[in-house]
Amino acid sequence: MSQFLSAIKERRSVYAISKEEVISDQRIEEIVGEAVLHTPSSFNSQSARVVVLFNEQHDKLWDMTKETLRAIVPADSFGPTEEKMAAFHSGRGTVLFFEDQEVIQGLQEQFALYKDNFPVWSEQSSGMLQFVVWTALANEGVGASLQHYNPLIDEKVQQEWNIPASWKLIAQMPFGKPVAEPGDKQFNPLDSRLKVFK
Ligand SMILES: Cc1cc2nc3c(=O)[nH]c(=O)nc-3n(C[C@H](O)[C@H](O)[C@H](O)COP(=O)(O)O)c2cc1C
């Protein structure tokens with residue numbers, strides 16, 4: 001199997017993570033930068049925007065998310081949510097994925113025929129970027145998972161890190177040193193999911 005495919009096979013959702021260094025923070029920045037540059041986007045629109053949080057900035061995100069959820073989850077069932085927040089907080093950093101709506105609106109005006117497609121393609125392109133970052137981190141021993149506390153946390157994130165109003169938060173990817181193996185994963189049979197005609 002190619003190195004590329006085995007990297008894809010190895011990537012998993014890793015929830016148990018620590019702050020311990022696996023690769024340098026600078027290397028993480030490089031990986032994210034390469035992913036942002038080389039992941040494709042519709043019409044080469046390059047609408048992806050990314051913020052990487054380390055150290056107390058990362059901690060702040062998960063404290064903020066916990067408090068946002070505490071305000072809406074009933075107190076007697078908040079325990080599991082609090083545990084989840086603590087698990088993400090235990091990580092080394094978080095990648096925040098955004099899509100710049102100004103770019104998307106610009107494309108909608110310029111190419112009216114595809115008006116309805118641009119928001120869909122933007123999400124698809126962001127998904128590709130998320131996958132590239134996730135897999136590239138896993139390939140260098142860094143565990144990560146994909147989270148969606150948007151839109152609940154959008155306003156607070158925007159204020160805290162001075163994010164432009166046109167950047168729409170799409171996903172959050174907490175990462176760190178894996179401290180437990182992910183469980184087994186079930187696969188539906190390929191013959192019900194893949195058709196080939198030749
Ligand atoms: C588009 C997408 C959205 C996801 N959203 C979440 C999420 O909000 N929270 C979470 O814990 N996992 C999320 N996941 C992770 C999936 O549950 C996980 O990838 C899947 O169960 C397969 O497990 P694996 O990642 O270990 O291969 C998401 C995955 C994808 C592809």
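In the predicted model, a polar side-chain atom of Tyr 15 is placed 2.8 Å from an oxygen atom of the ligand. Ser 13 also directs a polar side-chain atom towards the ligand, at 2.7 Å from an oxygen atom. For Gln 147, the corresponding separation between a polar side-chain atom and a ligand oxygen atom is 3.1 Å. On its own, the ligand has 620 Å² of accessible area, of which the protein covers 54%.

The surroundings of the ligand comprise Arg 11, Arg 12, Ser 13 and Tyr 15, together with Trp 134, Leu 146, Gln 147, His 148 and Lys 185. When this shell is divided by residue class, three members are nonpolar, three are polar and three are charged. Tyr 15, Ser 13 and Gln 147 thus appear both in the shell and in the distances reported above, at 2.8 Å, 2.7 Å and 3.1 Å, respectively.

Helix packing was examined for α3, spanning residues 55-70, and α4, spanning residues 79-89. The axes of these two helices are 9 Å apart and meet at an angle of about 170°. Because angles over 145 degrees count as roughly antiparallel, α3 and α4 are assigned to that arrangement. On the α3 side, the contact is formed by His 58, Asp 59, Trp 62, Asp 63, Thr 65, Lys 66, Leu 69 and Arg 70. Helix α4 contributes Thr 81, Glu 82, Met 85, Phe 88 and His 89. The residues in the contact of α3 with α4 are divided by class into four nonpolar, four polar and five charged.

Two features of backbone geometry were found in loops. The first concerns the peptide bond that runs from Asn 150 to Pro 151, which is cis, with an omega near 0°. Pro 151 belongs to the loop that links β4, residues 143-144, with α7, residues 154-160. The second concerns Phe 43, a residue that is not a glycine and yet has a positive phi of about 55°. Phe 43 is located in the loop between α2, which covers residues 25-38, and β2, which covers residues 48-54.

Conventions
Residues are numbered from 1 along each chain as its sequence is written. This is a predicted model: local features need pLDDT of at least 70, side-chain atom pairs count only at pLDDT 80 or more; totals for chains, interfaces and linings use all residues. Side-chain values use heavy atoms; hydrogens and water are left out. A residue is near a molecule or strand if one of its heavy atoms lies within 4 Å of it. A polar contact is a pair of N or O atoms within 3.5 Å; within protein, one must be able to donate a hydrogen and the other to accept it, and residues adjacent in sequence count only if both atoms are side-chain atoms. Accessible areas come from the Shrake-Rupley method with a 1.4 Å probe; for residues, only the protein chains shown count as cover. Ala, Val, Leu, Ile, Met, Phe, Trp, Tyr, Cys and Pro count as nonpolar, Asp, Glu, Lys and Arg as charged, and the others, Gly among them, as polar. Axes are lines fitted to C-alpha atoms, for helices over the stretch in contact, and angles run from 0 to 180 degrees between N-to-C directions. Helices (H or I, at least four residues) and strands (E, at least two) are DSSP runs, numbered from the N terminus. Angles under 35 degrees count as roughly parallel, over 145 as roughly antiparallel, 65 to 115 as roughly perpendicular and the rest as oblique. Contact means heavy atoms within 4.5 Å.
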